Amino acid sequence: MTVINPIEEAEALADKLSGLDLAGRLSFVAGLGGRVVFTTSLGIEDQVITAEIGTHRLPIDVVTLQTGRLFKETLDLISETESQYDIHITRYEPEQADIDAYAAKYGMNGFYESVEARHACCGVRKLKPLARALAGATIWITGLRRGQSANRAETPFAEYDAERHLLKVNPLADWDIDKIKAFVADNGVPINPLHARGYPSIGCEPCTRAIKPGEPERAGRWWWEQDEKRECGLHVAEEAAAIAVQQ
Ligand code: SF4
């Protein structure tokens, strides 16, 4: 029996996906078996993926991290999207005990005070719920694009996430924002009204601001931090564990 290691498996999958369109990429991944999970932040990229999953009735679990600090516009969009595509988006929320412990140690908005406090908040409100959302998953689909930031410039179509022991698939890796917007317009995809108000990337309300003309797409996320590679941790595996194939 030929044993394929997960890195080679991801490389082969990335190669296969590179030759398919978006619907083909998602259909192929959905057909691989196991639990396939798409985590949506309801951002414009994720809405394109959700539209394809809903339109083609693909057997992919659509989930979101309801951090408790989202914009009202984002919460409204969850319901609107479910209605438009007749799908269910499962909300994963933080544990109240974790929220209370965080608030006791750092204060409810302590994330402005230090990178450590910010990572702790993202850990409680995003990473722990993400771990529950991905429990038992074999494939994790994301809306990452190479053009979103310098930190994402090498995003592969597929990579092995050694920390979570699954294949991570990024079917929009090679799409640019113009292609995303054209798809949305051509297909009547509902999007967050905040995009039109200067928010190309939308996360939790206290940690997202509108960007100025010419700024990178993710400049409005945790804008008070200096680290150019700031992320919430969802897509930043431990150095030793993350094995990127391509992105
Ligand atoms: S983005 Fe901000 S509010 Fe949301 S989990 Fe991270 S630190 Fe907390």
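This report describes the fold, surface and a few single residues of one predicted protein model.

Because the model is predicted, local features need pLDDT of at least 70 and side-chain atom pairs count only at pLDDT 80 or more, while totals for chains, interfaces and linings use all residues. Residues are numbered from 1 along each chain as its sequence is written, and side-chain values use heavy atoms, with hydrogens and water left out.

**Fold and dimensions**

The protein contains seven helices and seven strands. These are DSSP runs numbered from the N terminus: helices are H or I of at least four residues, and strands are E of at least two. Their order along the sequence is α-α-β-α-β-α-β-α-α-β-β-β-α-β. The radius of gyration is 18 Å, close to the 18 Å that the globule rule gives for 247 residues, so the protein is as compact as a globular protein of that length. That radius is taken over C-alpha atoms, and the rule is 2.2 Å times the number of residues to the power 0.38. Along the principal axes, the C-alpha atoms fill a box of roughly 55 × 40 × 35 Å.

Of the contacts with a separation of 6 or more, 70% join residues 24 or more positions apart; a contact means heavy atoms within 4.5 Å.

**Burial, surface and charge**

Buried residues make up 50% of the 247 residues. Buried means under 20% relative accessible area, exposed over 50%, and partly exposed in between, with a 1.4 Å probe and protein chains only. The exposed area of the protein is about 11700 Å², and carbon and sulfur atoms supply 52% of it. Areas come from the Shrake-Rupley method with a 1.4 Å probe; for residues, only the protein chains shown count as cover.

There are 27 positive and 37 negative side chains, and the centres of the two sets lie 3 Å apart. Lys and Arg count as positive and Asp and Glu as negative, without His and the chain ends. Each charge is placed at NZ of Lys, CZ of Arg, CG of Asp or CD of Glu.

**Positive phi outside glycine**

H165 and W222 are non-glycine residues with positive phi.

| Residue | Phi | Loop between | Relative accessibility |
|---|---|---|---|
| H165 | about 55° | β5 (158–161) and β6 (166–169) | 59%, exposed |
| W222 | near 45° | α7 (177–187) and β7 (242–243) | 1%, buried |

**Cysteines**

A disulfide is a covalent bond between the sulfur atoms of two cysteines. The search of the whole structure finds zero disulfides, taking a disulfide as a pair of cysteine sulfur atoms within 2.5 Å. C121 is buried, at 8% relative accessible area, and C207 is buried at 8%.
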